[in-house]
Amino acid sequence: MSEKKQQVSRRQFLNYTLTGVGGFMAAGMLAPMVRFAIDPVLQPSAQGEFAAVAQVDDITTEPTRVEWTIDQVDGWYESKVTKTAWVYKQEDGSILALSPVCKHLGCVVNWEGNEQFPNEFYCPCHGGRYYKDGVNVPNTPPAAALDVFQHKIEEGTLYLGKAEPRKEA
Ligand code: FES
């Protein structure tokens with residue numbers, strides 16, 4: 001009787017041992033897979049980095065459209081996104097880089113996009129208008145100025161970062 005009991009407990013011991021070893025091996029295999037699966041979430045976003053967009057010498061007082069591409073990571077989805085800015089030299093020689101995204105409903109504005117409104121940015125969707133410095137013309141649909149890109153200049157090259165709402169209106 002006690003021998004029988006002992007046989008059962010041996011089998012149990014074997015079961016526990018195999019289950020334990022199996023579980024340990026499974027955890028060992030799963031850990032890298034889980035880490036791989038959540039890794040993109042832990043990656044720092046590409047937003048906020050600066051990209052070279054133009055040579056400063058080529059920038060005039062006339063707003064010019066510049067384009068560049070960034071790697072964007074949204075969770076597990078990585079994609080290339082094209083960004084655009086209107087760039088020009090202000091009267092004091094400093095550079096202003098404006099977002100082309102209309103602050104009304106997000107259409108794309110164009111410099112002198114309507115011949116009736118020279119020297120202004122114009123949004124074709126609902127007739128939104130902005131002065132050259134990006135401030136919205138009162139009594140047109142946009143209720144805020146165009147966002148301004150962070151920028152820096154290194155060795156004659158203009159780098160743009162992310163667009164932020166304009167501080168002064
Ligand atoms: S989206 Fe630009 S005016 Fe409406």
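Okay, let's start with a pair of strands: β5, which is residues 110-111, and β6 sit together in the antiparallel sense, joined over two bridges. If you want one pair to find on screen, take W111, whose bridge partner in β6 is F121. Before I go on, please remember that this is a predicted model.

Now stay with β6 and look to its other partner. Strand β7, residues 128-131, runs antiparallel to β6, and four bridges join the two. One of the matched pairs here is Y122 with R129, the latter being the partner in β7. Together β6 and β7 make a hairpin, with four residues between the strands. Have a look at G127 in that turn: its phi is positive, about 75°.

So which residues of β6 lie on each side of the strand? On one side you have E120 and Y122, and on the other F121 and C123. Every one of those four is buried, and both faces of β6 are covered.

Let me zoom out for a moment. The protein chain has one helix and nine strands. Reading along the sequence, the helix comes at the start of the pattern, and then it's strands from there: α-β-β-β-β-β-β-β-β-β. The chain has 169 residues, and 30% of them are buried. As for contacts with a separation of 6 or more, 44% are between residues 24 or more positions apart.

Next, the inside. The largest nonpolar core has 15 residues, and the members touching the most others are V53, V66, W68, A85, V87, L158 and L160. Where do they come from? Strands β1, β2, β3, β4 and β9 each supply at least two residues of this core. There's also a second, separate core with 12 residues, and you've met some of its members already: W111 and F121 are in there, along with Y88 and Y130.

Let's pick L160 and see what surrounds it. Setting aside neighbours within four places in sequence, L160 has contacts including V53, V66, W68, A85 and V87. That list also takes in E49, F50, A51, A97, F149, Q150 and H151.

Here's one I like: I59. This residue is in the loop between β1 and β2. Is I59 buried or exposed? It counts as buried, because its relative accessibility is 9%, and the cut-off for buried is under 20%. Beyond residues up to four places away in sequence, I59 touches A54, V87, Y88, K89, I95 and L158. Take Y88 from that list: I59 and Y88 are 29 residues apart in sequence, yet their C-alpha atoms are 5.9 Å apart in space.

You can do the same exercise with T84, which is in strand β3. T84 counts as buried too, because its relative accessibility is 14%. Leaving out neighbours within four places, T84 is in contact with R65, V66, E67, W68, P100 and F149.

What about the outside? The accessible surface of the chain is about 11500 Å², and 55% of that belongs to carbon and sulfur atoms.

Last thing: how confident is the predictor? The average pLDDT for the chain is 85, and 73% of the residues score at least 70. Over residues 38-47, though, the pLDDT is below 50, and that stretch has eight contacts in the model beyond near neighbours in sequence. Okay, that's my tour, thanks for listening!

Methods:
Residues numbered from 1 in each chain as written. Predicted model: local features only at pLDDT ≥ 70, side-chain atom pairs only at ≥ 80, totals over all residues. Heavy atoms only, no water. Buried < 20%, exposed > 50% of the residue type's maximum accessible area, 1.4 Å probe, protein only. Pairing = 2+ DSSP bridges. Core = buried A, V, L, I, M, F, W, Y, C linked by side-chain atoms within 4.5 Å. Contact = heavy atoms within 4.5 Å. Areas by Shrake-Rupley, 256 points an atom, 1.4 Å probe, with all protein chains shown as cover. pLDDT = per-residue confidence, 0-100.
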